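Thank you all for coming; I would like to walk you through one structure this morning, slowly enough that anyone new to the group can follow along on the screen. Please have the sequence and the model open beside you as I talk.

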Amino acid sequence: MTLASRTGLPDALRQLAEQYPRPIWESHRNFDALTRFWLDRHLGFRDMLQRISADAEAFLAGDLEAPVYGARSSRLIGRLLNDLHGHHQIEDQHYFPLLAALDPRMAAGIDLLERDHQDLDGHIHGLAEATNAMLHSLRSGTGSDRSGRDGTHRTAVAALRTRVHGFAGFIDRHLLDEEDIVVPAILHYAPDL
């Protein structure tokens, strides 16, 4: 059940998700502002990854100059990585222990999500390394021209794009599974988070 091999939650962890399917979440009496905020953070992560990917595509297509691309990528990826790190810390240290205590069945789901966070740490570091390599290439001026669409700039951006696409798949799988574990538990138990 690693994040890399998982295509969804096992049936044993889907009991509450089946009792509380996504279409009813927002209309449920226990769906509150904190739950909405938490889901919005997840949407924000997905949006940032789409913007990062779109910028890489625009650079490679010649629609974005190297200085603009480098500055935007540095800002967006830095924000994404910092926000993910903080988000996971809050979940691991506060929300997950509270949710695990609600019901013995929750413990297995929370353990799975905590393992995901450990797996994602390696992917976060990999994305940071690929970003730093791309930024170093852009700053070093080793591409064939200032636009950076040829030479090492292009290679570094293409490598980052590949890393972002892989990362987006991992993070989306984690976020979907996390939502299917956490939101139904909130709706069912109405914990004081």
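Let me begin with a term that we will need almost at once: a residue is called buried when its relative accessible area is under 20%, exposed when that value is over 50%, and partly exposed in between. What we are looking at is a predicted model, so please keep that in mind throughout.

With that term in hand, take Glu-57, whose relative accessibility is 33%, and which therefore counts as partly exposed. Its partner is Arg-161, and the side chains of the two meet in a salt bridge, at 3.5 Å from N to O. Because Arg-161 lies in helix α5 and Glu-57 in helix α2, this pair ties together parts that are 104 residues apart in sequence. Arg-161 is also partly exposed, with a relative accessible area of 24%. As general background, side chains of opposite charge can pair when their charged atoms come close.

How many salt bridges does the structure hold? There are 16, and I will pick out two further pairs, each of which stays inside one helix. In helix α2, Asp-47 and Arg-51 are four residues apart, which is about one turn of the helix, and their closest N and O atoms are 3.3 Å apart. Asp-47 is partly exposed, at 35%, and so is Arg-51, at 33%.

In helix α5, Arg-173 and Asp-177 are likewise placed four residues apart, about one turn of the helix, with 2.8 Å between the closest N and O atoms of their salt bridge. Are these two buried or exposed? Arg-173 counts as buried because its relative accessibility is 18%, and Asp-177 counts as buried at 1%. If we leave aside the neighbours within four places in sequence, Asp-177 is in contact with Arg-6, Gly-8, Leu-9 and Leu-113. Finally on this topic, there is a network of salt bridges that links Arg-14, Glu-18, Arg-22, Arg-46, Asp-172, Glu-179 and Asp-180.

Now let us turn to the nonpolar residues. In soluble globular proteins, nonpolar side chains tend to be buried together. Here the largest nonpolar core has 30 residues, and those with the most contacts inside it include Phe-59, Tyr-69, Leu-80 and Phe-167. Four helices, namely α2 (33-60), α3 (66-100), α4 (104-140) and α5 (151-189), each supply at least two residues of this core. Apart from it lies another core, this one of 20 residues, with Leu-39, Leu-112, Ala-185 and Leu-187 among them. If you would like one residue to follow on the screen, choose Phe-167, which, with neighbours within four places in sequence left aside, is in contact with Leu-49, Leu-80, Leu-84, His-123, Ile-124 and Leu-127.

My last topic is the largest pocket, which has a volume of about 280 Å³. Which residues lie nearest its centre? They are Leu-34, Trp-38, His-87, Ile-90 and Tyr-95, out of a lining of 16 residues. Helices α2, α3 and α5 each supply at least two residues of that lining, and the largest share, seven residues, comes from α3. By type, the lining divides into 10 nonpolar, three polar and three charged residues.

Note on methods:
Residues are numbered from 1 along each chain as its sequence is written. This is a predicted model: local features need pLDDT of at least 70, side-chain atom pairs count only at pLDDT 80 or more; totals for chains, interfaces and linings use all residues. Side-chain values use heavy atoms; hydrogens and water are left out. A nonpolar core is a set of buried Ala, Val, Leu, Ile, Met, Phe, Trp, Tyr and Cys residues joined through side-chain atoms within 4.5 Å. Buried means under 20% relative accessible area, exposed over 50%, partly exposed in between (1.4 Å probe, protein chains only). Contact means heavy atoms within 4.5 Å. A salt bridge is a side-chain nitrogen of Lys or Arg within 4 Å of a carboxyl oxygen of Asp or Glu. On a 1 Å grid over the protein atoms alone, a cavity is a set of points where a 1.4 Å probe fits but cannot get out, and a pocket is an open set with protein on both sides within 12 Å along at least five of seven lines; lining residues have an atom within 4 Å of a point. Grid points are joined across faces, edges and corners, and a volume is the space filled by probe spheres set on the points. Ala, Val, Leu, Ile, Met, Phe, Trp, Tyr, Cys and Pro count as nonpolar, Asp, Glu, Lys and Arg as charged, and the others, Gly among them, as polar.
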